[in-house]
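Here is a small set of exercises to work through with the structure open beside you. Try each task before reading its solution.

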Amino acid sequence: MPSNKSVSDAPIVQFSNCRILRDHQLQREDLWVREGKILNPEKLFFDEKGSADVQLDCKDSIIAPGFIDVQINGGFGVDFSLATDDFKSGIDLVSQKILSHGVTSFCPTLVTSPPSVYHQVLPQISVRNGGAHGAGILGAHLEGPFISKEKKGAHPEHCLRTFEAGAFQDLLATYGSLDCVQIVTLAPEMKRSSEVIQELTKRGICVSLGHSVANLSQAEEAVQHGATFITHLFNAMLPFHHRDPGIVGLLTSDKIPAGRRVFYGMISDGIHTNPAALRIAHRAHPKGLVLVTDAMAGMGLAPGRHTLGQQVVEIDGLNTYIAGTKTLSGSVATMDTCVRHFQEATGCSVETALEAASLHPAQLLGIEHKKGTLNYGSDADFLMLNDSLYVQATYIAGEEVWRQDVSGM
């Protein structure tokens, strides 16, 4: 009888005594991993006549896909919008630290900055796989500077720009390069934004609508030109109005092109969005909800003064304000906290809460064939969680990269 070695010399690991999130359900099955990928056990048994080299007892844990954070401005004292000589070590530190919060891949996010910052920082961000060194980098999220002055939020007004002169050429000159860019947030009411949206979409870059005073028809037009995301729904946009619901109206619009889904980010930290608003959005369009942290340098640090790009911000508990004002600026919530708060606030199933931080962001970025699920052939990026959705261990490509230290408990 041929051994496992007939196909590959790599060891096969069997995770047993667990509940796996697959096909939107927690299923009592084992998870099989080889060479960083999730295996189909039937093929292993019947085609290869193979078996496990290593068996791990998961002690009835939930196994879910790793979380994907598509909007994170920094953390642990690191600000992705500051051009520093040791930028690379900063991004390495954040990617390492977020493993304990269940994040296995992320989009480092830059808030509105001068062109010189983009020109210095973007060449230092490269798409890379995750591992023991930290979470994988999927590409940068550029939030601004092509946004509305009225809804700038924590973004510095003197750095805001428009498309009026050269449209896409202006954007290229501002950013310097789009090589590592995955998402661009812009205000769709700006003149010539349709051209820009089409050009970005053509290059495989996700366009997100945010920091905007757009009405619903402007938002719908942007979606028809290729936009697929809304940056932190309800925050930094016109409030919902029954005669013109603005960008929020995209959640139930009948003008979305066939086969297209609009996704929307939500900062589920209990501060940025009232639980009732979170429930309204979730009930209106559950399959589009993407949990984001919008975390900034102060995440993981003590209260006090920290930075967000060009601005000084003050942290008071979970509240973060531009110093000296009551303007909210980013968050200090971690992804696992957002998942737990979302589940508690909406009363949704455990499966739904976990998919909002894994499957949905993967679908948004078009990478659901390899991330965000535990389907056969997917990357073996997954978490072990307890029933209260606290992360116990994080795995990337089938290797344990973080585990909760229970020795002192």
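The exercises below concern a predicted model and deal with its cysteines, its internal space and its domains.

**Exercise 1. Cysteine pairing**

Work out how many disulfides the model has, and look at Cys18 and Cys338 along the way.

Solution.
- Step 1: start from the cut-off, which asks for two cysteine sulfur atoms within 2.5 Å.
- Step 2: take Cys18, whose closest cysteine sulfur belongs to Cys58 and lies 4.3 Å away, so the two are too far apart for a bond.
- Step 3: turn to Cys338, which is also in no disulfide, with the nearest cysteine sulfur, in Cys348, 13 Å away.
- Step 4: the count comes to 0 disulfides.
- Step 5: now check exposure, where buried means under 20% relative accessible area. Cys18 has 1% and is therefore buried. Cys338, at 0%, is buried too.

**Exercise 2. Enclosed space**

Find out how many cavities of 30 Å³ or more the structure holds, and describe the lining of the largest cavity.

Solution.
- Step 1: searching the whole structure turns up 1 cavity of 30 Å³ or more.
- Step 2: the space in the largest cavity is about 40 Å³.
- Step 3: its lining is made by Asp69, Ile72, Ile98, His101, Val103, Thr293, Met299, Thr334 and Met335.
- Step 4: sort these by class, and you get 5 nonpolar, 3 polar and 1 charged residues.

**Exercise 3. Two domains**

Describe how domain 1 and domain 2 sit against each other.

Solution.
- Step 1: set the bounds. The domain assignment gives domain 1 as 13-64 + 373-403 and domain 2 as 66-365.
- Step 2: over C-alpha atoms, the centres of domain 1 and domain 2 are 30 Å apart.
- Step 3: for contacts, 20 residues of domain 1 meet 22 residues of domain 2.
- Step 4: between domain 1 and domain 2 about 1700 Å² is buried, with 71% of that area from carbon and sulfur atoms.

Notes
Residues numbered from 1 in each chain as written. Predicted model: local features only at pLDDT ≥ 70, side-chain atom pairs only at ≥ 80, totals over all residues. Heavy atoms only, no water. Buried < 20%, exposed > 50% of the residue type's maximum accessible area, 1.4 Å probe, protein only. 1 Å grid on protein atoms, 1.4 Å probe; cavity = no way out; pocket = protein on both sides within 12 Å on 5 of 7 lines; lining within 4 Å. Points joined across faces, edges and corners; volume = space filled by probe spheres on them. Nonpolar A, V, L, I, M, F, W, Y, C, P; charged D, E, K, R; others polar. Domains from an automatic or database assignment. Contact = heavy atoms within 4.5 Å. Buried area = accessible area lost by both parts, 1.4 Å probe.
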